[in-house]
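Colleague: I am new to this structure and would like to go through some of its side-chain contacts. Could we take them one at a time?

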Amino acid sequence: MESIPYIAALSAIAGLILAGYFFRDVKKADPGNARMVHLMTEIQKGARAFLSQEYKWVSIFVVAMAILIAILIAPLAAVTYVVGAILSATAGYVGMTVATMANARTTQAAKDGPGKALPIAFRGGAVMGFSVAGLALLGLMLVYIVFVIALEVDKAFEVVTAYGLGASSIALFSRVGGGIYTKAADVGADLVGKVEAGIPEDDPRNPATIADNVGDNVGDVAGMGADLFESYAGSIIAPISLVAFATGLAAENATQSVTISLLVFPMAIAFAGMVASIIGSFFVKGGKSTDSKALSHALHMGTNIAMLITVIATVILAGWLFGQETAFDNAYGLAISVIGGLLVGWALGKTAEFYTSDHYGPVKKIADQTKTGPATTILGGISAGMVSVAASVGLLAVGVLIAYWGGEMAFDSIGNLDGGIYGIAVAAIGMLATTGVVVSVDAYGPIADNAGGIAEMSELDPSVREVTDALDSLGNTTAAIAKGFAVGSAALTALAELFR
């Protein structure tokens with residue numbers, strides 16, 4: 001059991017190695033003609049300029065917060081806070097950089113059909129996905145190993161918790177700031193181009209299209225990555241801190257108490273999810289059809305494989321960690337909590353797909369309402385969004401009940417730690433265990449969107465835009481799916497933390 005933090009750290013390193021492999025794979029792909037390379041470079045310059053300016057302002061906030069944490073909590077907590085902030089910012093910057101490299105390469109590959117274009121866009125997104133998951137897990141495991149296991153410092157678990165707070169600080173600014181810029185640039189480009197000038201979207205005569213494409217990267221790649229970095233790290237930290245604070249556990253006892261199995265269980269699930277994501281990423285292959293259902297099946301194959309492997313691994317890990325401990329009534333109760341969270345996350349994604357994909361009734365109904373003008377279109381869209389929330393809330397409620405029941409099945413209480421509350425906490429890490437491949441699929445979307453813009457601005461054959469539009473349509477749905485995972489896990493984590 002004591003080796004699990006080290007094994008989880010190794011799996012994080014493996015994820016980062018895979019990100020490097022995908023980076024090399026994307027980089028060696030053909031970026032297209034001089035016009036396409038020029039557009040790619042301009043988008044990249046704009047995205048880097050935005051992030052550089054954003055990070056300058058965020059750094060002031062991070063320094064101020066670090067000083068307060070050092071004074072009010074512990075100096076070492078300020079250190080881990082800064083580490084969390086730096087790693088989150090690094091993951092976002094690296095992922096954004098590769099995404100702006102993959103866009104033109106996806107456009108060029110689209111000349112040969114979706115079979116070549118989809119894997120390049122996915123692998124460009126996978127650099128972001130495995131950078132986020134790898135850096136988040138590696139940083140957290142190093143913090144745990146150094147301050148809890150090796151040094152056994154005072155307030156060790158407060159020090160670990162501060163790591164998640166650092167990640168949250170970057171997510172706050174990147175998600176909100178990048179998101180606002182993204183939508184402002186998108187709407188501005190549409191107003192200037194399609195509304196005022198009456199020209200097509202991404203037309204080369206509209207200079208705002210570059211800003212629009214920049215926004216896709218800073219908001220939907222870097223911002224989204226920071227958001228899920230924070231959610232992923234927080235979902236692992238929540239059950240660890242819950243165990244430590246509820247049982248009054250000190251660092252010097254963290255390898256001697258029966259609670260060691262409860263401490264390392266979230267890390268074991270993170271390890272299983274990382275390995276499963278690595279395996280699943282190799283199952284994403286494009287086909288010849290531009291039909292969105294076929295493309296969706298190909299893209300989500302990696303996620304589905306990763307989830308299946310994680311379910312199997314969770315059952316095995318629960319039996320190993322809790323089967324020999326007399327303090328636990330049922331060795332597989334917590335496996336039920338984790339799997340429940342994983343399945344609810346999957347269901348949230350499917351719900352998002354149902355309400356955002358053009359293959360299902362809600363989107364078709366909104367499209368039909370465009371025949372009667374913008375007012376009915378807006379009302380229809382808002383109504384569909386509100387209805388979709390009801391399904392998501394219902395799924396979360398079911399997830400909470402399953403997680404609580406699984407935790408209570410495992411144990412009633414250990415110290416002041418309630419089994420049901422712990423079950424809810426580990427359900428969150430179950431939901432985000434496959435973060436590597438989930439973020440990969442999400443980051444694919446902005447790359448495909450940019451690829452369509454480059455195809456239009458480069459005045460390529462319309463058949464190329466047909467392929468990129470099919471990829472982009474799927475990307476809009478994948479973005480909604482990832483938001484479901486992030487919001488769902490945050491709700492479970494927050495609920496568990498309320499009872500800490």
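Modeller: Yes, and bear in mind that this is a predicted model. A salt bridge joins Asp112 and Lys116, with 3.7 Å between the closest N and O atoms.

Colleague: Is Asp112 buried or exposed?

Modeller: The relative accessible area of Asp112 is 56%. Exposed means over 50%, so Asp112 counts as exposed.

Colleague: How many salt bridges does the structure hold?

Modeller: Side chains of opposite charge can pair when their charged atoms come close. The pair of Asp112 and Lys116 is one case. For the structure, the number of salt bridges is 8.

Colleague: How far apart are the closest N and O atoms of Asp368 and Lys371?

Modeller: Asp368 is partly exposed at 43% relative accessibility, while Lys371 is exposed at 68%. The two form a salt bridge, and their closest N and O atoms are apart by 3.0 Å.

Colleague: In which helix do Arg465 and Asp469 both lie?

Modeller: Arg465 and Asp469 form a salt bridge, with the closest N and O atoms 2.7 Å apart. They are 4 residues apart, about one turn of the helix, and both lie in helix α14 (residues 462–498).

Colleague: Which of these is buried and which is partly exposed, Arg465 or Asp469?

Modeller: The limit for buried is under 20% relative accessible area. Asp469 has 36% and is therefore partly exposed. Arg465 has 16%, so the buried residue is Arg465.

Colleague: Which residues do salt bridges with shared partners join into one network?

Modeller: Here the salt bridges share partners. The network they make consists of Asp25, Lys28 and Arg123.

Colleague: Turning to aromatic rings, what kind of pair do Phe354 and Tyr355 form?

Modeller: The structure holds 11 aromatic pairs. In the pair of Phe354 and Tyr355, the centres are 5.1 Å apart and the angle between the planes is 90°. Planes over 60 degrees apart count as edge-to-face, so this pair is edge-to-face.

Colleague: Which residues form one aromatic cluster?

Modeller: The cluster contains both Phe and Tyr residues. Its members are Phe265, Phe322, Phe328, Phe411 and Tyr422.

Colleague: What is the area of the nonpolar surface patch that includes Ile71?

Modeller: Ile71 is in helix α2 (residues 34–72) and is exposed, with a relative accessible area of 63%. Val63, Ile67, Leu68, Leu72 and Ile73 make the patch together with Ile71. The area of this nonpolar patch is about 600 Å².

Note on methods
Residues are numbered from 1 along each chain as its sequence is written. This is a predicted model: local features need pLDDT of at least 70, side-chain atom pairs count only at pLDDT 80 or more; totals for chains, interfaces and linings use all residues. Side-chain values use heavy atoms; hydrogens and water are left out. Rings of Phe, Tyr and Trp (its six-membered ring) pair if their centres lie within 6.5 Å; planes under 30 degrees apart count as stacked, over 60 as edge-to-face and the rest as tilted. Patches are made of residues with over 30% relative accessible area and no salt bridge: like charges are joined within 9 Å, nonpolar side chains (Val, Leu, Ile, Met, Phe, Trp, Tyr) within 5 Å. Accessible areas come from the Shrake-Rupley method with a 1.4 Å probe; for residues, only the protein chains shown count as cover. A salt bridge is a side-chain nitrogen of Lys or Arg within 4 Å of a carboxyl oxygen of Asp or Glu. Helices (H or I, at least four residues) and strands (E, at least two) are DSSP runs, numbered from the N terminus. Buried means under 20% relative accessible area, exposed over 50%, partly exposed in between (1.4 Å probe, protein chains only).
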